[in-house]
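Biologist: I'd like to learn how to read a structure feature by feature. Can we walk through one together?

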Amino acid sequence: MIERILLKGKEIMLLHFDAHPDLRKELEGKELTHATFLQKAIEEGTIKEEQIVQAGIRTAGKEEFEFLKNSKIKFFKARELMEKENFENAKKEIAEFTQRKDCYISFDLDVLDSALVPAVGTPEP
């Protein structure tokens, strides 16, 4: 979907709500999965790191967190967002990030509390 939008000549911003950053190189021997799509899009030049904001990250592999920390991706961990001040700051940064720009919003239900939405494919506590 991101590629289709970009092929129309628009530079978009990606606001990605997910419990996982989806930045793995591979999952179970496969290079293109739900857990690798964003890494693949960055590698192929479909989207730039600075065009991405992720919110709600709870679980990631060591390599994914290292990539996030060293990248230009803006991300907010779920635990950080539980504090009111951090939540308010994140809202402000996300508003600035998306202001007057085309934005694609990706919302994976596992970003929500698994006690409220237990039937997702990869639930996280």
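Biologist: Let's start at the surface: is I105 buried or exposed?

Modeller: Keep in mind that this is a predicted model. The general idea is to look at relative accessible area, where over 50% counts as exposed and under 20% as buried. I105 comes out at 52%, so it is exposed. This residue sits in strand β4, residues 103-107.

Biologist: Which residues form a nonpolar patch with I105?

Modeller: Its partners are F107, L109 and L112, and together the four have about 360 Å² of accessible area on the surface.

Biologist: Now helices. How should I read which way the residues of a helix point?

Modeller: Start from the geometry: an α-helix has 3.6 residues a turn, so residues three or four places apart point the same way. Take α5 here, which runs over residues 84-98. Those 15 residues reach 21 Å from first C-alpha to last, close to the 21 Å expected. Its buried residues are A90, I94 and F97. Looking down the axis, you'd find them within an arc of 60°, so they line one face of the helix.

Biologist: What covers the buried residues of α5?

Modeller: The cover includes strands β1, β2 and β3, plus helix α4. Turn to the face pointing away from the buried side and you meet the exposed residues K84, E85 and K92. Just past the end of α5, R100 has a positive phi of about 55°.

Biologist: And salt bridges: how many does the structure hold?

Modeller: There are seven. For each one, check the N to O distance, then ask where the two partners sit along the chain. E88 and K84 pair up at 3.7 Å. They are four residues apart in α5, so about one helical turn separates them. K84 is exposed at 65%, while E88 is partly exposed at 33%. These two also belong to a salt-bridge network with K91.

Biologist: Which parts of the chain does the pair of E93 and K74 link?

Modeller: That salt bridge, 3.0 Å from N to O, links helix α5, which holds E93, to strand β3, which holds K74, across 19 residues. Both partners are partly exposed, E93 at 33% and K74 at 34%.

Biologist: Where do K25 and E43 lie?

Modeller: Their closest N and O atoms are 2.9 Å apart. K25 is in the loop between β1 and α2 and E43 is in α2 itself, so the pair ties together parts 18 residues apart in sequence. K25 counts as exposed at 53%, and E43 as partly exposed at 44%.

Conventions. Residues are numbered from 1 along each chain as its sequence is written. This is a predicted model: local features need pLDDT of at least 70, side-chain atom pairs count only at pLDDT 80 or more; totals for chains, interfaces and linings use all residues. Side-chain values use heavy atoms; hydrogens and water are left out. Helices (H or I, at least four residues) and strands (E, at least two) are DSSP runs, numbered from the N terminus. The expected span of a helix is 1.5 Å times one less than its number of residues. Buried means under 20% relative accessible area, exposed over 50%, partly exposed in between (1.4 Å probe, protein chains only). The arc is that of the directions from the helix axis to the C-beta atoms. Contact means heavy atoms within 4.5 Å. Patches are made of residues with over 30% relative accessible area and no salt bridge: like charges are joined within 9 Å, nonpolar side chains (Val, Leu, Ile, Met, Phe, Trp, Tyr) within 5 Å. Accessible areas come from the Shrake-Rupley method with a 1.4 Å probe; for residues, only the protein chains shown count as cover. A salt bridge is a side-chain nitrogen of Lys or Arg within 4 Å of a carboxyl oxygen of Asp or Glu.
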